[in-house]
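Please find below a colleague's note on the structure, arranged as numbered points. It is meant to be read beside the sequence and the coordinates.

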Amino acid sequence: MPVRPASGDGSARVPGRCLRGHHLSVSGAGNGWSHFYDLPDVTCRVCAALGDPAATWCLIDPARQFVSPSAPERGLVLAVIPPVERGEPGRIELRLNGQAVGEVRLAACGPCRRAVITGVGVEVALRRLGYGRVLVAAALARAPQARYRWSTAVLPDTVEACAFWSAIGFPGTVGKPHFCSDMRLLQGDSGPETGIRRD
Ligand SMILES: [Zn+2]
Ligand SMILES: [Zn+2]
């Protein structure tokens, strides 16, 4: 079943449109619960009547992130792994029943208000379900777009990658990372400064 990030403010339990673009106010929506993901789900009634396999999808709050050891072992959750050593990227894993199925790596600098996604990956067998979108939304939730200038070091150099980055509406520059001077300074010996900072 596909998954999408829920709207940021948490109030939008039901999004405006289904995955096929139907306005749910017209097509009608049903709310349910996915025991597989342990998350709320939404069904577009028109898509369901048409037998569309993407009629029902789950919503996950991208800001609901657990520090790794305390992440629930059940359902689909976001787990933050802080850097072990200086210079390592901060990571957020998407875990299904305790198993990592994808991750995003990011560098963020609070004082410079720069944030760079340095990698996104999803298990090959589990692509095209929205996991990548959820991971990017989780990264964005760490550093608000209103205050941070976002970019990616991830090149959209394959059709698959280009399709992903052009579809998700990333609010920054894709493929041209804007590392701050602190990140650049550390790139010489110990790599970019990549701790996830919360502020
Ligand atoms: Zn629909
Ligand atoms: Zn900086």
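The points below take up the metal sites, the strands and the salt bridges in turn.

1. Status of the model. The structure under discussion is a predicted model, and every value quoted here should be read with that in mind.

2. The zinc ion (ligand 1). Coordination of this ion comes from Cys18 (SG), His22 (ND1), Cys44 (SG) and Cys47 (SG), at 2.1 to 2.3 Å, and the site is tetrahedral, with angles of 102 to 116 degrees among the four donor atoms. Along the chain the donors follow the spacing C-x3-H-x21-C-x2-C. Histidine 22, in the loop between strand E1 (3-5) and helix H1 (24-27), and cysteine 44, in strand E3 (residues 39-44), are 22 residues apart, and the pair links distant parts of the chain. As for accessibility, histidine 22 is partly exposed, with a relative accessible area of 26%, whereas cysteine 44 is buried, at 0%.

3. The zinc ion (ligand 2). Which protein donors serve this ion? They are Cys109 (SG), Cys112 (SG), Cys180 (SG) and Asp182 (OD), lying 1.9 to 2.4 Å from the ion. The four donor atoms subtend angles of 87 to 115 degrees, which makes the arrangement tetrahedral; a reader checking this assignment should note that four donors count as tetrahedral if all angles lie between 85 and 135 degrees. The spacing of the donors along the chain is C-x2-C-x67-C-x1-D. Cysteine 109, in strand E8 (residues 99-109), and aspartate 182, in helix H5 (residues 181-187), are 73 residues apart, so that distant parts of the chain are linked by the pair. Cysteine 109 counts as buried at 1% relative accessibility, while aspartate 182 is partly exposed, with a relative accessible area of 30%.

4. The four-stranded sheet. Four strands form an open sheet in the order E1-E4-E3-E2, with mixed pairing. Why is one side of E1 and of strand E2 (29-34) left without a neighbour in the sheet? Both stand at the edges and each has a single partner strand, so one side of each remains without a neighbour there. On average, and with direction ignored, neighbouring strands of this sheet are turned by 35 degrees against each other. E1 and strand E4 (residues 56-60) run parallel and are joined by three bridges, and proline 5 has isoleucine 60 in E4 as its bridge partner. Helix H3 (residues 131-142) packs on the sheet, where it touches E1 and E4, and the direction of H3 makes about 20 degrees with that of E1.

5. Strand E6 and its partners. Six of the six residues of E6 are buried, so the strand is largely enclosed by the rest of the structure. Leu76, Leu78 and Val80 point one way from E6, and Val77, Ala79 and Ile81 point the other way, all of them buried. E6 pairs with E5 in the parallel sense over three bridges and with E7 in the antiparallel sense over six bridges. Alanine 79 appears in the pairing on either account, as the bridge partner of phenylalanine 66 and as the residue opposite glutamate 93 in E7.

6. Salt bridges around arginine 91. The count of salt bridges comes to seven. Arginine 91 meets glutamate 93 in one of them, at 3.0 Å, N to O, and glutamate 103 in another, at 2.6 Å, N to O. Glutamate 103 in strand E8 and arginine 91 in strand E7 (residues 90-96) are 12 residues apart, and this pair links distant parts of the chain. Through shared partners, salt bridges join Arg91, Glu93, Arg95, Glu103 and Arg105 into one network. Within this network, glutamate 93 is buried, with a relative accessible area of 11%.

7. The salt bridge of aspartate 38 and arginine 74. These side chains meet at 3.4 Å, N to O. Aspartate 38 lies in the loop between E2 and E3, and arginine 74 in the loop between strand E5 (65-67) and strand E6 (76-81), so the salt bridge ties together parts that are 36 residues apart in sequence. Aspartate 38 is partly exposed, with a relative accessible area of 28%, and arginine 74 likewise counts as partly exposed, at 46%.

Key:
Residues numbered from 1 in each chain as written. Chains lettered and ligands numbered in written order. Predicted model: local features only at pLDDT ≥ 70, side-chain atom pairs only at ≥ 80, totals over all residues. Heavy atoms only, no water. Donors = N, O, S within 2.8 Å, 3.2 Å for Na, K, Ca; no water. Tetrahedral: all angles 85-135°; square planar, octahedral: opposite > 155°, others 65-115°. Helix = DSSP H or I, 4+ residues; strand = E, 2+ residues; numbered from the N terminus. Buried < 20%, exposed > 50% of the residue type's maximum accessible area, 1.4 Å probe, protein only. Pairing = 2+ DSSP bridges. Axes fitted to C-alpha atoms, helices over the stretch in contact; angles between N-to-C directions. Contact = heavy atoms within 4.5 Å. Salt bridge = Lys/Arg side-chain N within 4 Å of Asp/Glu carboxyl O.
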